[in-house]
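Biologist: I should like a close look at one part of this model, set in the context of the whole chain. Please treat the packing there in detail and then relate it to the remainder.

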Amino acid sequence: MYEWLLTGLSILGTIYNLQKRAAGWVIWTISNLGWIISFSMKGLMAEAFLFSVYLFLSVYGIFKWWPRHQKENAS
């Protein structure tokens with residue numbers, strides 16, 4: 001059940017990113033953390049490392065998109 005929730009969050013994050021909504025990166029960050037925990041608990045360290053890279057990229061996306069998103073909503 002836990003993996004289905006993470007899958008749903010990942011899909012929702014993708015949909016938000018396609019709509020150029022900064023919240024998509026926040027959703028991705030949450031789901032990536034969940035995937036890292038899930039894979040680590042199962043001993044799948046290569047996948048946990050991959051999602052650690054995805055986590056870094058999603059946090060980077062937040063910092064790159066959020067200021068632009070704030071400016072667009074202020075106008």
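The request and the reply below concern the packing between two of the helices.

Biologist: Which residues make up the largest nonpolar core, and which ring pairs link Trp35, Phe39, Phe51 and Tyr54 into a cluster?

Modeller: I begin with the frame in which this part sits. The model is a predicted one. Its chain has three helices and zero strands, and along the sequence the pattern reads α-α-α. The C-alpha atoms fill a box of roughly 50 × 20 × 15 Å along the principal axes. Of the 75 residues, 29% count as buried. Among contacts between residues at least 6 apart in sequence, 52% join residues at least 24 apart.

The part in question is the largest nonpolar core, which consists of seven residues: Leu6, Trp35, Ile36, Phe39, Ala48, Phe51 and Leu55. Helices H2 and H3 each supply at least two residues of this core. One of its members, Ile36, illustrates the packing: leaving out residues up to four places away in sequence, Ile36 touches Ala48, Phe51, Ser52 and Leu55. Of these partners, Ala48, Phe51 and Leu55 are listed in the core as well.

The aromatic residues deserve separate treatment. There are five aromatic pairs in the structure. One of them joins Trp35 to Phe51; the arrangement is tilted, with 5.9 Å from centre to centre and 40° between the planes. Because Trp35 belongs to helix H2 and Phe51 to helix H3, this pair ties together parts that are 16 residues apart in sequence. Trp35 has a relative accessible area of 12%, so this residue falls under the 20% limit for a buried residue. Phe51, at 15% relative accessibility, also counts as buried.

Phe51 takes part in a further pair, with Phe39, which is likewise tilted: the centres are 5.4 Å apart and the planes make an angle of 45°. Phe39 is in helix H2 and Phe51 in helix H3, so here the parts tied together are twelve residues apart in sequence. Both Phe39 and Phe51 are buried. Taken with Tyr54, the residues Trp35, Phe39 and Phe51 are linked by ring pairs into a cluster.

Asn32 offers a polar counterpart in the same region. This residue lies in helix H2, which spans residues 23-41. Its relative accessibility is 1%, so Asn32 is counted as buried. Beyond its neighbours within four places in sequence, Asn32 is in contact with Phe51, Tyr54, Leu55 and Ser58. Two of these contacts, Phe51 and Leu55, are members of the largest nonpolar core, and Tyr54 belongs to the ring cluster.

Helix H3, covering residues 45-74, also contains Val53. With a relative accessible area of 34%, Val53 lies between the 20% and 50% limits and is therefore partly exposed. Val53 is one of the residues in a nonpolar surface patch, together with Phe49, Leu50, Tyr54, Phe56, Leu57 and Tyr60; the patch has about 710 Å² of accessible area. Tyr54 thus appears both in this patch and in the ring cluster. For the chain as a whole, the accessible surface comes to about 5300 Å², and 74% of that belongs to carbon and sulfur atoms.

Several features lie outside the part you asked about but help to place it. The structure holds one salt bridge. Its partners are Glu3 and Lys42, with the closest N and O atoms 2.7 Å apart. The pair links distant parts of the chain, since Glu3 is in helix H1 and Lys42 in the loop between H2 and H3, 39 residues apart. Glu3 itself, at 27% relative accessibility, counts as partly exposed.

Helix H1, residues 2-18, also holds Asn17. Asn17 is buried, its relative accessible area being 16%. Apart from residues up to four places away in sequence, Asn17 touches Gly24, Trp25, Trp28 and Trp65.

Lys20 stands in the loop between H1 and H2. Although Lys20 is not a glycine, its phi is positive, at about 55°. Most residues other than glycine have a negative phi. Lys20 is exposed, with a relative accessible area of 61%.

Terms used
Residues numbered from 1 in each chain as written. Predicted model: local features only at pLDDT ≥ 70, side-chain atom pairs only at ≥ 80, totals over all residues. Heavy atoms only, no water. Helix = DSSP H or I, 4+ residues; strand = E, 2+ residues; numbered from the N terminus. Buried < 20%, exposed > 50% of the residue type's maximum accessible area, 1.4 Å probe, protein only. Contact = heavy atoms within 4.5 Å. Patch = residues over 30% accessible without salt bridge, like charges linked within 9 Å, V, L, I, M, F, W, Y side chains within 5 Å. Areas by Shrake-Rupley, 256 points an atom, 1.4 Å probe, with all protein chains shown as cover. Salt bridge = Lys/Arg side-chain N within 4 Å of Asp/Glu carboxyl O. Core = buried A, V, L, I, M, F, W, Y, C linked by side-chain atoms within 4.5 Å. Phe/Tyr/Trp six-rings, centres within 6.5 Å; stacked < 30°, edge-to-face > 60°.
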